[in-house]
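Q: Got a minute to go through this one with me? I'd like to talk about its empty spaces and its helix packing.

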Amino acid sequence: MATLMGQPVDRLPVFAVLGAYGAKLTGVNLRTLYSDAAAYSAGQEAVLQTFGFDLVMTPFIYTAISEAFGGETAWSESQAPNMKRPGIKTAAAALLHPLPNPEQTAGLSVVLEATRRLADRYKEQVPIIAVLPGPGIMPSLIIGLEQWIETVMFEEELAGRLLDHTAPFFVSWANALLAAGADCLVVTEGTAAAEIAPRSLFAERFLPYLTTTFTQISGPKVLHQTGGRITHNLDLFSGLAGLVGVAVGSRDDLSEARRLIGPDMNLIGNLDNLSLPALSAGQISEMSRSCLDAAAPSGHYILSNAGADIPLTTPPENLRAMLSAAADYSAEISGNR
């Protein structure tokens, strides 16, 4: 947490998104992990004890949001759940749907209870990181991504009305996570990724919602690219209230990202998620070292995977290779080797 808040640290921190991996370590199925706050908390405890990454994560389960708007979830034993179908078919219909109360909606209340359990166990020991979708991409969880993009492209006024309608839910969900004990929010804003929207569209139609909603959320925030490229927008984020870091994609250049965000903002990334189960531990170590050489000398850097949950097929030794690379780097620069 010290790195995120710009304070001195004794070693270079390493993050890994290992929500689902907790099920693998504790022997429960993924449906149980994400439906039972105690099971999820036990999974994070197992992840921390097994590897020792510098965070614990609250449940990274966006289907809890789609379900809150009537959506249906597709469960799998090999990956975190995905939305099977949205609960609402059109933007116009979504405007008539009341916003859910996080404390009174089944899936969201499980996320909050798991957050409280993690806070009870780890507050002031290791950062408790919560992940939530940004205000620009939030409607895709309500009406589906294809319908949302179609509305943005061809019904601008209606898209704006839906963003106005759902922004208060984004704010209330973010503040509920902080109140439950989260130390920092990672906001995954898909519309900031080059694969979803060009810079002009993001700047004109979505960035204003990040600007206005961030002022209403009282905790530190990291902006995440959801697996795409974000370099083209990095110079736009400096004025966002409470922004302490940016997580860049695996195809973004770390040196260029540092130049664009400036010397004081935390830079997080950017190991390719798909490489983690496919390559050897030695290759992961080399990739980690490449990231460290590019980004660590400037400070305010956290080595991390660049996407969502790390695949369950990732060997434990590959995860440990990330930690070893960072430890070796820290030892070298401190003159201990």
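**Pockets, cavities and packing**

A: Sure, starting inside: the largest cavity holds about 50 Å³ of space. A cavity here is a set of points on a 1 Å grid over the protein atoms alone where a 1.4 Å probe fits but cannot get out. Grid points are joined across faces, edges and corners, and a volume is the space filled by probe spheres set on the points.

Q: And what should I know about the model itself?
A: This is a predicted model, where local features need pLDDT of at least 70, side-chain atom pairs count only at pLDDT 80 or more, and totals for chains, interfaces and linings use all residues. Residues are numbered from 1 along each chain as its sequence is written, and side-chain values use heavy atoms, with hydrogens and water left out.

Q: How many cavities of 30 Å³ or more are there?
A: The count is one.

Q: Which residues line the largest cavity?
A: Thr 58, Pro 59, Ile 61, Tyr 62, Ile 65, Leu 108, Val 111, Val 131, Trp 173 and Leu 177. Lining residues have an atom within 4 Å of a point. Helix H6 (106–122) and helix H9 (156–180) each give at least two residues to that lining. Helices (H or I, at least four residues) and strands (E, at least two) are DSSP runs, numbered from the N terminus.

Q: What's the class mix in that lining?
A: Nine nonpolar, one polar and no charged residues. Ala, Val, Leu, Ile, Met, Phe, Trp, Tyr, Cys and Pro count as nonpolar, Asp, Glu, Lys and Arg as charged, and the others, Gly among them, as polar.

Q: How do H6 and H9 pack?
A: Their angle is about 30 degrees and their axes are 8 Å apart. Axes are lines fitted to C-alpha atoms, for helices over the stretch in contact, and angles run from 0 to 180 degrees between N-to-C directions. H6 and H9 are therefore roughly parallel; that label covers angles under 35 degrees, with over 145 roughly antiparallel, 65 to 115 roughly perpendicular and the rest oblique.

Q: Who makes that contact?
A: On H6, Leu 108, Val 111, Leu 112, Thr 115, Arg 116 and Ala 119; on H9, Phe 169, Trp 173, Ala 176, Leu 177 and Ala 180. Contact means heavy atoms within 4.5 Å.

Q: What about H8 and H10, at what angle do they pack?
A: Helix H8 (residues 145–154) meets helix H10 (residues 199–214) at about 95 degrees, with axes 12 Å apart. H8 is therefore roughly perpendicular to H10. Trp 148, Val 152 and Met 153 of H8 touch Leu 201, Arg 205 and Phe 206 of H10.

Q: OK, switching to pockets: what's the volume of the largest one?
A: About 1100 Å³. A pocket is an open set with protein on both sides within 12 Å along at least five of seven lines. It has 46 lining residues, and the closest to its centre are Phe 60, Tyr 62, Thr 226, Ala 308 and Asp 309.

Q: How does the pocket lining split by class?
A: It has 30 nonpolar, 15 polar and one charged residues.

Q: Any backbone oddities?
A: The Gly 269 to Asn 270 peptide bond is cis, with omega near -15 degrees, and Asn 270 sits in strand E8 (residues 266–271). Glu 124 has a positive phi of about 70 degrees though it is not a glycine; Glu 124 lies in the loop between H6 and E4.
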